[in-house]
Amino acid sequence: MAAMNLFRAGCRWRIGSGRLVNICQDPWLPHTHSVRVITPKPHMCQVMRVSDIIVEDLRIWDEDMITTLFWPKDRELILQIPLGIFVASDLMVWHYSNNGTFSFRSAYHLALSLDSLLSTSGNRWDRIQCRMVWQANIPNKQRIRQQGPARAGGSFCGREAMRLAQRFHWSHVILEGDCQTLINKLASTSLDFSISSSVLEDIRASASLFMSVTFSFVMRSGNSVADLLAKQALDQDGGSVSLPSGLATVILDDLSN
């Protein structure tokens, strides 16, 4: 029983459609400690599921509704969650493992942290329950999906690049990026269930439409034009985006190298 409770404490939802996830009752926020919303549910509010705060046709968060219903901390965490264009399933993820697989080691460390928390509150949790985690009859092959930190910016850029390639009807595409972790995930045949995984699935789905797609890592120093454009886009607040004044110089430097 102790092992099962610990197992549940380490799981939370990865948002796909949002139809299976209860906003107030389920763990689903990408936060290190509190994975449930802290905002009290408004009286007579009919918004129950995470899907209720998603604009389904556009696959974006309903920011107006979220601003109205949630406290700033919850609002910030919700808007960090990327939504895939291709609707994925809601999945329970294991929060405490980098590779997405349940491990006794990560569960043990979780048990120790909970033990410490309960000890400081005056309720001493018997250490033998921590040892029970190692001895519990949980199949080693049970794969639980991991939810990582909110670092989805590079995957968003990759998705937009693939959409641009589709628009121009290119057949062979080389997608370059200076984030080694992202490129490795895209090049890997293994499934990924981090917070940006829904966007990665969009990129893979788009990649299947081309005759060939290669994902390649380049150093930031060799990707200076894209880096400058990305910084310029981040500095601008939507609407029309002007080209940076130093773009021509950076392009000439790239060509000379």
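A contact here means heavy atoms within 4.5 Å. Keep that in mind for the first stop, and remember throughout that this is a predicted model.

**Stop 1: helix H3**

Select residues 72–79, which make up helix H3, and pick out its buried residues: Asp74, Leu77 and Ile78. They span an arc of only 100° around the axis, which places them on the same side of H3. Now bring up the surroundings: the cover over these buried residues includes strand E3 (60–61) and helix H2 (63–69).

**Zoom out for a moment**

Show the whole protein chain as a cartoon and you'll have ten helices and seven strands on screen. The chain has 257 residues, and 39% of them are buried. Take the contacts with a separation of 6 or more: residues 24 or more positions apart account for 68% of those. Switch to a surface and you're looking at about 15,600 Å² exposed by the chain, with carbon and sulfur atoms supplying 55% of it.

**Stop 2: the salt bridges**

Side chains of opposite charge can pair when their charged atoms come close. How many salt bridges does a search of the whole structure find? Four, and we'll visit some of them.

Start with arginine 59 and glutamate 56, whose side chains form a salt bridge at 3.4 Å, N to O. Are the two partners buried or partly exposed? Arginine 59 counts as buried, at 8% relative accessibility, while glutamate 56 counts as partly exposed, at 31%.

Next, select arginine 159 and aspartate 202, which meet in a salt bridge at 2.8 Å, N to O. Arginine 159 belongs to helix H6 and aspartate 202 to helix H8 (residues 197–207), so this pair ties together parts that lie 43 residues apart in sequence. Both arginine 159 and aspartate 202 are buried.

Stay on H6 and pick glutamate 160 and arginine 163, whose side chains meet in a salt bridge at 3.2 Å, N to O. Because they sit three residues apart in helix H6, about one helical turn separates them. Glutamate 160 is partly exposed, with a relative accessible area of 39%, and arginine 163 is also partly exposed, at 37%.

**Stop 3: a nonpolar patch**

Show Leu164, Phe168 and Trp170 as sticks: they form a nonpolar patch on the surface, with about 320 Å² of accessible area together. Where does phenylalanine 168 sit? Look in the loop between helix H6 (153–167) and strand E6 (172–177). Phenylalanine 168 has a relative accessible area of 48%, so it counts as partly exposed.

**Stop 4: strand E6**

Follow that loop into E6 and color its two faces separately. In a regular strand the side chains alternate between the two faces of the sheet. On E6, Val173, Leu175 and Gly177 make up the covered face, and His172, Ile174 and Glu176 the uncovered one.

Add strand E7 (residues 212–217) to the view: E6 and E7 run parallel, joined by six bridges. For a landmark, find isoleucine 174, which stands opposite threonine 214 in E7.

**Last stop: helix H7**

Finish with residues 180–187, helix H7, where the buried residues are Leu182, Ile183 and Leu186. They cover an arc of only 95° around the axis, which puts them on the same side of H7. An α-helix has 3.6 residues a turn, so residues three or four places apart point the same way.

Technical notes. Residues numbered from 1 in each chain as written. Predicted model: local features only at pLDDT ≥ 70, side-chain atom pairs only at ≥ 80, totals over all residues. Heavy atoms only, no water. Patch = residues over 30% accessible without salt bridge, like charges linked within 9 Å, V, L, I, M, F, W, Y side chains within 5 Å. Areas by Shrake-Rupley, 256 points an atom, 1.4 Å probe, with all protein chains shown as cover. Helix = DSSP H or I, 4+ residues; strand = E, 2+ residues; numbered from the N terminus. Buried < 20%, exposed > 50% of the residue type's maximum accessible area, 1.4 Å probe, protein only. Arc of directions from axis to C-beta. Pairing = 2+ DSSP bridges.
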